[in-house]
Amino acid sequence: MHHTFKISMLLSTLVACGGSAKTDNTTKPMAGGGGDMAMNMKMGMAMPTADSQAVFAKAKDYANWPKFAENAEPKASKGHMGMFVVTYHNDVVTAAIGAHTLPLPDGAIIVKENKMKADEPVHALTIMSKQGGKWYWLETSPDGSQVITMGDMPQEGYNAQMCTKCHDDASNNDYLFTHSFAK
């Protein structure tokens, strides 16, 4: 299918710094020198959990939401392995921006489009959803039908390793890099 091809290309890009990509039950060695984020792990796809499906359902109309001013146009993201990203937020985040609210309240949702090149279609979505005072992380195909895995671990839930490993560095800004909510 067309999405499978796009996801395979995305996975190849994500592990370009080292490691291997696992798609369709095959492992393909990647060129490069054992990069930190790839952690020399296999990457692939998995079916989303019911919780991830619910998060995606809340975010499915994200393209109608406002974009963060700092990330309104596609730009390369170090944290997303050089992918070109654009970041959207829902009305809960809009209110928090106006009020300089930290931490963000429950119901806050942030969606990051990931593209291989600035002028290409979206290849994956990264979603952060604030629930019960914690972030729920989700790295998914654009249609929400599959979740990206790293080392056979789906990148979804409250402890998605690929997400938390990086975002822990922004704990003073509620784990967000795109916008500073400080007064």
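The following exercises, each with a worked solution, concern a predicted model of a protein chain.

**Exercise 1. Overall composition**

Determine how many helices and strands the protein chain contains, and what percentage of its residues is buried.

Solution.
Step 1. The secondary structure of the chain consists of four helices and 11 strands.
Step 2. The chain has 183 residues, and 46% of them are buried.
Step 3. The accessible surface amounts to about 8900 Å², with carbon and sulfur atoms contributing 55% of it.
Step 4. Among contacts with a separation of 6 or more, 50% are between residues 24 or more positions apart.

**Exercise 2. The salt bridge**

Identify the residues that form a salt bridge, and state which parts of the chain the pair links.

Solution.
Step 1. Searching the whole structure yields one salt bridge.
Step 2. The partners are Lys-130 and Asp-174, whose side chains meet at 2.7 Å, N to O. This distance satisfies the criterion, which requires a side-chain nitrogen of Lys or Arg within 4 Å of a carboxyl oxygen of Asp or Glu.
Step 3. Lys-130 belongs to strand E7 (residues 124–131), whereas Asp-174 lies in the segment after helix H4 (161–167); with their positions 44 residues apart, the pair links distant parts of the chain.
Step 4. In general terms, side chains of opposite charge can pair when their charged atoms come close.

**Exercise 3. The surroundings of Lys-130**

Decide whether Lys-130 is buried or exposed, and list what its side chain meets.

Solution.
Step 1. Lys-130 counts as buried because its relative accessibility is 4%, and the limit for a buried residue is under 20%. Its salt-bridge partner, Asp-174, is buried as well.
Step 2. Beyond the polar contact with the side chain of Asp-174 at 2.7 Å, a polar atom of the Lys-130 side chain lies 2.8 Å from the backbone oxygen of Leu-104.
Step 3. With neighbours within four places in sequence left aside, the contacts of Lys-130 are Pro-103, Leu-104, Pro-105, Asp-106, Gly-107, Ala-108, Trp-135 and Asp-174.

**Exercise 4. The nonpolar cores**

Establish which residues of the largest nonpolar core touch the most other members, and which elements give two or more residues to this core.

Solution.
Step 1. The largest nonpolar core has 15 residues; those touching the most other members are Tyr-62, Trp-65, Val-111, Leu-125 and Ile-127.
Step 2. Two or more residues come from each of helix H2 (50–59), strand E5 (84–89), strand E6 (109–115), E7 and strand E8 (134–140). The largest share, three residues, is that of H2.
Step 3. Another core lies apart from this one and has 13 residues, including Val-93, Ala-108, Trp-137 and Cys-163.
Step 4. As a general tendency, nonpolar side chains in soluble globular proteins are buried together.

**Exercise 5. The aromatic pairs**

Find how many aromatic pairs there are, and give the geometry of each.

Solution.
Step 1. The count is two aromatic pairs.
Step 2. Tyr-62 and Tyr-88 are 5.0 Å apart, centre to centre, with 75° between the planes, and the pair is edge-to-face. Tyr-62 is in the loop between H2 and strand E4 (75–76) and Tyr-88 is in strand E5, 26 residues apart. Both residues are buried.
Step 3. Tyr-136 and Tyr-158 are also edge-to-face, at 5.3 Å centre to centre and 90° between the planes. Tyr-136 is in strand E8 and Tyr-158 in the loop between strand E11 (156–157) and H4, 22 residues apart.
Step 4. Tyr-136 counts as buried because its relative accessibility is 4%. Tyr-158 has a relative accessible area of 32% and is therefore partly exposed.

**Exercise 6. Polar contacts of Tyr-136 and His-179**

Name the residue whose side chain makes a polar contact with that of Tyr-136, and the one whose side chain does so with that of His-179.

Solution.
Step 1. The side chain of Tyr-136 is joined to that of Ser-52 by a polar contact of 2.7 Å.
Step 2. Tyr-136 also touches Asp-51, among other residues; the C-alpha atoms of Tyr-136 and Asp-51 are 9.2 Å apart, while the two residues are 85 residues apart in sequence.
Step 3. For His-179, which is located in the segment after H4, the polar contact is with the side chain of Glu-70, at 2.6 Å.
Step 4. His-179 is buried, since its relative accessible area is 14%. With residues up to four places away in sequence not counted, His-179 touches Phe-68, Glu-70, Ile-97 and Asn-173.

Definitions and conventions
Residues are numbered from 1 along each chain as its sequence is written. This is a predicted model: local features need pLDDT of at least 70, side-chain atom pairs count only at pLDDT 80 or more; totals for chains, interfaces and linings use all residues. Side-chain values use heavy atoms; hydrogens and water are left out. Buried means under 20% relative accessible area, exposed over 50%, partly exposed in between (1.4 Å probe, protein chains only). A nonpolar core is a set of buried Ala, Val, Leu, Ile, Met, Phe, Trp, Tyr and Cys residues joined through side-chain atoms within 4.5 Å. A polar contact is a pair of N or O atoms within 3.5 Å; within protein, one must be able to donate a hydrogen and the other to accept it, and residues adjacent in sequence count only if both atoms are side-chain atoms. Contact means heavy atoms within 4.5 Å. Accessible areas come from the Shrake-Rupley method with a 1.4 Å probe; for residues, only the protein chains shown count as cover. Rings of Phe, Tyr and Trp (its six-membered ring) pair if their centres lie within 6.5 Å; planes under 30 degrees apart count as stacked, over 60 as edge-to-face and the rest as tilted.
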